[in-house]
Every structure is written in structure tokens, then in C-alpha cells.
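Reader: I have a protein model open and hardly know where to look. Could you walk me through it, feature by feature?

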Amino acid sequence: MKKELKTFIFYEISDFCRAEFMLKDSEFHPTEDAVVIGIEKGENAKDALRNLRRECPWIKKYKLDKLVAREVGKVVYL
């Protein structure tokens with residue numbers, strides 16, 4: 001019996017992922033951003049990351065500070 005693959009989104013959060021944006025008060029405010037590294041399927045997060053690295057070899061050269069994986073669920077539009 002073949003295991004069902006789950007979909008994971010990988011993103012990085014670090015001190016390098018910060019920017020400032022002008023808000024409605026016309027002042028610049030710092031934000032904490034995330035950089036999406038990729039989306040891939042796997043039995044678990046480690047398996048999906050292995051598959052992502054195989055599909056996107058540039059990731060092997062990318063210096064990751066803090067990589068986060070989340071299982072993708074039902075899409076909710078806001």
C-alpha cells in the first residue's frame with residue numbers, strides 16, 4: 001500500500017528577513033518577513049525537504065539561518 005504524500009511549505013525566518021515599509025501614518029515601520037524557499041510533497045517534512053533539494057539544486061548552496069516547514073492544509077482566503 002502506497003503512503004499518501006503530504007504537501008509542505010518551507011520558509012526562512014531570520015534577521016536577514018527584515019524590511020521597513022511605509023504605513024498609513026506615513027512613517028516607516030520595521031516588519032518581520034519570511035522568505036518562501038519552496039513547496040514540495042513527501043511522507044514527512046524531512047522527506048519533502050530531500051525532494052525539494054533534488055528538484056532545486058540551488059538550495060544546497062543557499063545559506064539558511066532558520067528553516068521552517070509547515071504542512072499545507074485547506075486554503076483559506078481572507
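Reader: Let's begin with paired strands. Which residue in E5 is the bridge partner of Tyr11?

Author: Tyr11 has Val68 as its bridge partner in E5. Keep in mind as you look that this model is predicted. Once you have one pair, step back to the two strands: E1 and E5 are joined by 5 bridges and pair in the antiparallel sense.

Reader: How many bridges join E1 to E4?

Author: Strand E1, residues 6-12, is linked to E4 by 7 bridges, and these two strands run antiparallel. For an example to click on, take Thr7, whose bridge partner in E4 is Lys41.

Reader: Now the inside. What is the general idea behind a nonpolar core?

Author: In soluble globular proteins, nonpolar side chains tend to be buried together. Here the largest nonpolar core has 7 residues: Phe8, Phe10, Ile37, Ala48, Leu49, Leu52 and Ile59. At least two of these residues come from E1, and at least two from H1.

Reader: Which element gives the most to this core?

Author: That is H1, with 3 residues.

Reader: Can we zoom in on one core residue? Is Ala48 buried or exposed?

Author: Ala48, a residue of helix H1, has a relative accessible area of 0%, so it is buried. If you leave out residues up to four places away in sequence, Ala48 touches Phe8, Phe10, Glu40, Lys41 and Gly42. Leu49, another member of the core, touches Phe10 and Leu67 when counted in that way.

Reader: Where is Asn51, and what does it touch?

Author: Asn51 also sits in helix H1. Its relative accessibility is 17%, and the cut-off for buried is under 20%, so Asn51 counts as buried. Leaving out residues up to four places away in sequence, its contacts are Glu40, Lys41 and Gly42.

Reader: And what about Glu12: buried or exposed?

Author: Glu12 belongs to strand E1 and counts as buried, at 3% relative accessibility. You can also use Glu12 to practise comparing sequence with space. From Glu12 to Asp33 there are 21 residues in sequence and 8.7 Å in space, C-alpha to C-alpha. For Asn44 and Glu12, the separation is 32 residues in sequence and 18 Å in space, again C-alpha to C-alpha.

Reader: Where does Asn44 lie?

Author: Look in the loop between E4 and H1. Asn44 is partly exposed there, with a relative accessible area of 39%.

Reader: I have heard of salt bridges. How many are counted here?

Author: The count comes to 1 salt bridge. Look for a side-chain nitrogen of Lys or Arg within 4 Å of a carboxyl oxygen of Asp or Glu. In this model Arg50 and Asp47 form one, with their closest N and O atoms 3.3 Å apart. Both residues lie in helix H1, residues 45-55, and they are 3 residues apart, about one turn of the helix. Arg50 is partly exposed at 48% relative accessibility, whereas Asp47 is buried at 16%.

Reader: Which residues make the nonpolar surface patch?

Author: Val35, Trp58 and Tyr62 make a patch of about 270 Å². Val35 is in strand E4, residues 35-42, and is partly exposed, with a relative accessible area of 31%.

Reader: Is Tyr77 buried or exposed?

Author: Tyr77 counts as exposed, at 75% relative accessibility. You will find Tyr77 in the segment after strand E5, residues 67-71. Tyr77 and Glu27 are 50 residues apart in sequence, and their C-alpha atoms are 29 Å apart in space.

Reader: One last stop, the backbone angles. What is the phi of Ser26?

Author: Ser26 has a positive phi of about 65 degrees, although it is not a glycine. To find Ser26, go to the loop between strand E2 (18-22) and strand E3 (28-32).

Conventions. Residues are numbered from 1 along each chain as its sequence is written. This is a predicted model: local features need pLDDT of at least 70, side-chain atom pairs count only at pLDDT 80 or more; totals for chains, interfaces and linings use all residues. Side-chain values use heavy atoms; hydrogens and water are left out. Helices (H or I, at least four residues) and strands (E, at least two) are DSSP runs, numbered from the N terminus. Buried means under 20% relative accessible area, exposed over 50%, partly exposed in between (1.4 Å probe, protein chains only). Patches are made of residues with over 30% relative accessible area and no salt bridge: like charges are joined within 9 Å, nonpolar side chains (Val, Leu, Ile, Met, Phe, Trp, Tyr) within 5 Å. Accessible areas come from the Shrake-Rupley method with a 1.4 Å probe; for residues, only the protein chains shown count as cover. Two strands pair if DSSP finds at least two bridges between them. A nonpolar core is a set of buried Ala, Val, Leu, Ile, Met, Phe, Trp, Tyr and Cys residues joined through side-chain atoms within 4.5 Å. Contact means heavy atoms within 4.5 Å.
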